[in-house]
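User: I've got a model open and want to talk through a few of its local features. Could you walk me through them?

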Amino acid sequence: MGCSSLINITLPESLTTIGISAFFRCYSLTSITIPDKVTTIGGGAFAICSSLTSFSGKYASSDQRCLVMDGKLVAFAPSGLTAYTIPHGVTMIGVSAFEYCTNLTSITIPDGVTMIEDSSFFNCSKLTNITIPDGVTTIGNSSFLKCSKLTTITIPDEVTTIGYYAFYECRSLTNVYCKPTTPPTLGSNVYKYPVVAIHVPQASVEAYKSADGWSEYADKIVGYDF
């Protein structure tokens with residue numbers, strides 16, 4: 001973790017586990033091959049590897065930009081990209097998968113994704129556009145924390161849980177469009193300035209204003225015809 005001068009590494013063929021944050025902040029690492037016997041890759045294993053251009057071997061996506069294990073995108077190689085479309089077949093975006101991908105301005109999440117885990121897009125500081133698809137049920141803790149260029153976000157119908165700090169310090173976020181008719185369970189400190197309005201279904205305004213967590217933002221909750 002934090003081997004900032006590491007450019008290349010060959011992992012042994014006998015390796016079965018890559019631990020949590022194993023290569024975290026290995027800024028100079030450019031590519032890596034995952035051996036066939038690996039069965040576990042911990043959260044944030046390749047987070048903030050800003051020079052990483054490709055993965056190969058087991059779990060590598062066809063474009064070599066992601067590691068996908070049983071539908072979960074667990075790592076991303078960000079170098080040289082400003083926009084990215086997550087491959088079809090991904091059903092979950094893993095912990096810290098896009099953490100500190102500071103050059104990304106746009107990410108397209110495909111239909112089929114149901115969960116965005118903790119810190120998935122933490123500090124994607126140039127991200128101006130992201131669409132959360134219908135079908136997502138969980139937006140994890142700190143998932144979009146410090147995405148300082150996001151101006152609007154739409155929360156799909158099926159979301160039931162929004163974790164703490166999910167949109168905290170999104171300094172450009174002025175409008176939130178929240179489609180669920182039943183207020184999702186809301187963690188603490190989800191929003192911080194300068195949100196102007198949280199748009200919810202017209203018939204659900206009072207439910208949102210009185211719901212745990214949401215009541216903190218009652219003066220910003222307004223009805224909207226989706």
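Analyst: Sure, and keep in mind that this is a predicted model. Let's start with Ser-96, which has a relative accessibility of 10%. Buried means under 20%, so Ser-96 counts as buried.

User: Where does Ser-96 lie, and what is its phi?

Analyst: Ser-96 sits in the loop that runs between strand E8 (92–93) and strand E9 (106–108). Most residues other than glycine have a negative phi. Ser-96 is not a glycine, yet its phi is positive, at about 60°.

User: Tyr-165 also has a positive phi without being a glycine. Is Tyr-165 buried or partly exposed?

Analyst: You'll find Tyr-165 in the loop between E14 and strand E15 (175–178). Its phi is about 60°. Buried would need a value under 20%, and Tyr-165 has 28% relative accessibility, so it counts as partly exposed.

User: On to the charged pairs. Which residue forms a salt bridge with Glu-117?

Analyst: Side chains of opposite charge can pair when their charged atoms come close. The structure holds two salt bridges. In the one with Glu-117, the closest N and O atoms are 3.4 Å apart, and the partner is Lys-72.

User: How many residues apart in sequence are the parts that this pair ties together?

Analyst: Glu-117 is in the loop between strand E10 (115–116) and strand E11 (129–131), while Lys-72 belongs to strand E6 (residues 72–76). Glu-117 counts as buried at 15% relative accessibility, whereas Lys-72 is partly exposed at 26%. Given those two locations, the pair ties together parts that are 45 residues apart in sequence.

User: And how far apart are the closest N and O atoms of Glu-169 and Arg-171?

Analyst: Glu-169 is buried, with a relative accessible area of 17%. Arg-171 counts as partly exposed at 46%. The two form a salt bridge, and their closest N and O atoms are separated by 3.7 Å.

User: Now the sheet with seven strands. Which strands are at its edges?

Analyst: This sheet is open, its pairing is mixed, and the strand order is E5-E6-E8-E10-E12-E14-E16. An edge strand here pairs on one side only, and that picks out strand E5 (66–69) and strand E16 (185–186).

User: In which sense do E14 and E16 pair, and which residue stands opposite Ile-162?

Analyst: Strands of a sheet pair through backbone hydrogen bonds, either parallel or antiparallel. Strand E14 (residues 161–162) pairs with E16 over two bridges, and the sense is parallel. Opposite Ile-162, in E16, stands Leu-186.

Terms used: Residues are numbered from 1 along each chain as its sequence is written. This is a predicted model: local features need pLDDT of at least 70, side-chain atom pairs count only at pLDDT 80 or more; totals for chains, interfaces and linings use all residues. Side-chain values use heavy atoms; hydrogens and water are left out. Two strands pair if DSSP finds at least two bridges between them. Helices (H or I, at least four residues) and strands (E, at least two) are DSSP runs, numbered from the N terminus. A salt bridge is a side-chain nitrogen of Lys or Arg within 4 Å of a carboxyl oxygen of Asp or Glu. Buried means under 20% relative accessible area, exposed over 50%, partly exposed in between (1.4 Å probe, protein chains only).
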